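Me: Got a minute to go through this fold with me? I'd like the contacts and the odd spots.

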Amino acid sequence: MTLATTGVLFFGSYEPLGAAMASVTGLYWYFGIKDMAQTTSSIRRNFPLLGNLRFILESLRPEIRQYFIESNQEATPFSRQNRTIVYQRAKGSPDTAPFGTHKHVYGHGYRFAAHSMWPTDVPQTNQRVTIGGPECSQPYSASLLNVSAMSYGALSENAVLALNAAAAKGNFYHNTGEGGMSKFHLEPGGGLVWNVGTGYFGCGSGDIVRRFDSAMFSENAMRPQCKMIEIKLSQGAKPGHGGLLP
């Protein structure tokens with residue numbers, strides 16, 4: 001009785017372990033044969049099961065580099081330090097650090113603006129440029145620094161309102177981007193450069209096939225805030241595909 005009971009306990013104690021090992025072995029062969037049978041990835045076909053480790057590590061690479069390897073000033077086009085400032089200001093948190101800057105101000109290539117002992121008085125004519133020749137009935141005196149093209153669809157209602165309000169206060173223009181002139185561009189009263197792109201937003205109609213609408217174009221072009229019209233001949237930059245955005 002004792003031997004029989006011991007034998008049953010001995011077999012029962014190893015039964016879950018055997019089932020687990022059988023399951024692992026079955027899954028190993030299942031995924032291995034599946035990798036050998038597929039024809040979309042040569043790595044998985046030549047190195048079944050083990051080749052999947054390469055894709056797992058590749059998916060983890062951006063996070064590992066961002067959180068453990070790259071410095072605060074290293075990433076492009078915007079460093080982690082720049083992104084942190086944006087996050088802090090958006091949340092209303094303090095965005096300054098004690099003891100000055102973390103950058104190496106005496107390093108090679110660092111740029112800064114130095115005070116002049118004899119500052120030069122820059123005339124107003126050198127601070128702006130007039131756009132429009134003798135045949136232009138409404139020439140525009142543009143600032144040298146303005147708001148570049150960012151459409152309403154890429155930003156938000158509050159962002160467009162803030163950008164155009166700043167343009168009105170600073171007396172510089174605000175490029176609408178390809179999305180056209182929305183009511184949020186017009187409300188603050190800042191000068192606009194109307195960006196007319198391939199989608200004809202603000203001067204076209206149609207859901208699938210967009211067609212130019214001359215009457216709508218004339219209506220928006222005659223608005224007092226529309227200082228200039230920019231014609232976009234082709235689609236713009238694409239992040240991650242060689243393009244560069246502001």
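Reply: Sure, here is a run through the sheet, the cysteines, the salt bridges, the rings and the backbone.

Me: Before we start, what kind of model is this?
Reply: It's a predicted model, where local features need pLDDT of at least 70, side-chain atom pairs count only at pLDDT 80 or more, and totals for chains, interfaces and linings use all residues. Residues are numbered from 1 along each chain as its sequence is written, and side-chain values use heavy atoms, with hydrogens and water left out.

Me: OK, the sheet. What's the strand order?
Reply: The order is β3-β4-β7, an open sheet of three strands with parallel pairing. Strands here are DSSP runs of E, at least two residues, and helices are runs of H or I, at least four, numbered from the N terminus. Two strands pair if DSSP finds at least two bridges between them.

Me: And which strands stand at the edges?
Reply: β3 (174-175) and β7 (226-231) do, each with a single partner strand, so one side of each has no neighbour in the sheet.

Me: How many bridges join β4 to β7?
Reply: Five, and the two strands run parallel. Leu192, for one, has Cys226 in β7 as its bridge partner.

Me: Is that cysteine buried or exposed?
Reply: Cys226 is buried, at 9% relative accessible area. The cut-offs are under 20% for buried, over 50% for exposed and partly exposed in between, with a 1.4 Å probe and protein chains only. Cys203 is buried too, at 0%.

Me: How many disulfides turn up?
Reply: Zero in the whole structure, taking a disulfide as a pair of cysteine sulfur atoms within 2.5 Å.

Me: Switching topic: how many salt bridges are there?
Reply: Five, counted when a side-chain nitrogen of Lys or Arg is within 4 Å of a carboxyl oxygen of Asp or Glu. One of them joins Arg44 and Asp35 at 2.9 Å, N to O, and Asp35 is buried at 3%. Another is Arg65 with Glu74, at 3.0 Å between the closest N and O atoms. Arg65 is partly exposed at 32%, and Glu74 is partly exposed at 38%.

Me: What does Lys232 pair with?
Reply: Glu178, with the closest N and O atoms 3.0 Å apart. Lys232 lies in the segment after β7 and Glu178 in the loop between β3 and α6 (183-186), so the pair ties together parts 54 residues apart in sequence. Glu178 is buried at 15%, while Lys232 is partly exposed at 24%.

Me: Now the rings. How many aromatic pairs?
Reply: Eight. Rings of Phe, Tyr and Trp (its six-membered ring) pair if their centres lie within 6.5 Å; planes under 30 degrees apart are stacked, over 60 edge-to-face and the rest tilted. Tyr28 and Trp29 have ring centres 6.2 Å apart and planes at 90 degrees, so that pair is edge-to-face. Trp29 is exposed at 55%.

Me: What about Tyr200 and Phe212?
Reply: Their centres are 5.8 Å apart and their planes at 65 degrees, so they are edge-to-face as well. Tyr200 sits in the loop between β4 and β5 and Phe212 in strand β6 (residues 211-212), twelve residues apart. Ring pairs link Trp194, Tyr200, Phe212 and Phe217 into a cluster.

Me: Last one: which residues have a positive phi without being glycine?
Reply: Leu49 has one of about 70 degrees, in the loop between α2 (42-46) and α3 (52-69). Tyr200 has one of about 55 degrees, and Tyr200 is partly exposed at 29%.
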